[in-house]
Amino acid sequence: STVLFVVGGVLVAGGCNGGYCNTAIASAEVYSLIDHSWSTIAPMPTARSGPAVKLPNGDFLVAGGQGVSGRIGTTMVLPAAGPPWVTKGSLNPVRGR
């Protein structure tokens with residue numbers, strides 16, 4: 001799973017359900033540090049477990065990762081303003097985990 005801090009909470013996106021990522025997850029949730037509750041947001045277009053980073057402009061970039069069929073080469077961005085996720089270019093070469 002990707003875990004990143006957002007204003008007033010924590011974003012958790014993707015991940016694997018089971019060993020060796022035999023079931024990748026596309027869901028995304030935000031945990032509110034104020035309400036102590038989870039809220040579901042729009043899922044990622046491609047289920048994956050992989051690296052992500054918060055960009056200087058507040059957007060979240062997810063690049064590559066591991067999916068059910070192996071390594072994933074696509075990248076996507078969750079804008080700081082919120083969903084939807086936007087698919088961006090592909091990595092060359094493909095990177096996983």
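Which residues does Ile41 touch, not counting residues up to four places away in sequence? In this predicted model, the partners of Ile41 are Leu11, Ala28, Glu29, Val30, Leu78 and Pro83. That list makes a handy starting point, and the paragraphs below go from the chain as a whole to a few of its residues.

The chain contains nine strands and zero helices. Followed along the sequence, its pattern therefore reads β-β-β-β-β-β-β-β-β, where each strand is a DSSP run of at least two residues. Of the 97 residues, 36% count as buried. The accessible surface of the chain amounts to about 5500 Å², and carbon and sulfur atoms hold 58% of that area. Among contacts with a separation of 6 or more, 35% link residues that are 24 or more positions apart.

Ile41 also belongs to the largest nonpolar core, a group of 10 residues. Its other members are Leu11, Ala13, Ala28, Met44, Phe60, Val62, Met76, Leu78 and Trp85. Two or more residues of this core come from each of strand 2 (9-16), strand 6 and strand 8 (70-78). Leu11, Ala28 and Leu78, which belong to this core, are also among the residues touched by Ile41.

Strand 3 (residues 24-32) and strand 4 (residues 37-41) form an antiparallel pair with five bridges. Within this pairing, Val30 is placed opposite Ser39 of strand 4. The hairpin made by these two strands has four residues between them. His36 is located in this loop between strand 3 and strand 4, and its phi is near 55°, a positive value in a residue other than glycine. Most residues other than glycine have a negative phi, and most peptide bonds are trans. With a relative accessible area of 57%, His36 lies over the 50% cut-off and therefore counts as exposed.

Two peptide bonds ahead of prolines are cis. The bond from Pro83 to Pro84 is one of them, with omega near 15°, and Pro84 sits in the loop between strand 8 and strand 9 (86-95). The bond from Asn92 to Pro93 is also cis, with omega near 10°; here the proline, Pro93, is part of strand 9. Pro83, at the start of the Pro83 to Pro84 bond, appears again among the residues that Ile41 touches.

Another proline, Pro45, occupies the loop between strand 4 and strand 5 (52-54). Its relative accessibility is 48%, so Pro45 counts as partly exposed. Once neighbours within four places in sequence are left aside, Pro45 is in contact with Met76, Trp85 and Thr87. Trp85 is 40 residues from Pro45 along the chain, yet their C-alpha atoms are separated by 7.0 Å. Both Met76 and Trp85 are members of the largest nonpolar core.

Finally, what is the nearest side chain of opposite charge to Asp59, and how far away is it? It is Lys88, at 7.2 Å. A salt bridge requires a nitrogen and a carboxyl oxygen within 4 Å, so Asp59, although buried, has no salt bridge. Asp59 lies in the loop between strand 5 and strand 6 (60-63). Not counting residues up to four places away in sequence, Asp59 touches Val53, Lys54, Val77, Leu78, Pro79 and Ala80. Leu78 is thus a shared partner, since Ile41 touches Leu78 as well.

Conventions: Residues are numbered from 1 along each chain as its sequence is written. This is a predicted model: local features need pLDDT of at least 70, side-chain atom pairs count only at pLDDT 80 or more; totals for chains, interfaces and linings use all residues. Side-chain values use heavy atoms; hydrogens and water are left out. Buried means under 20% relative accessible area, exposed over 50%, partly exposed in between (1.4 Å probe, protein chains only). Contact means heavy atoms within 4.5 Å. Accessible areas come from the Shrake-Rupley method with a 1.4 Å probe; for residues, only the protein chains shown count as cover. Two strands pair if DSSP finds at least two bridges between them. Lys and Arg count as positive and Asp and Glu as negative; His and the chain ends are not counted. A nonpolar core is a set of buried Ala, Val, Leu, Ile, Met, Phe, Trp, Tyr and Cys residues joined through side-chain atoms within 4.5 Å.
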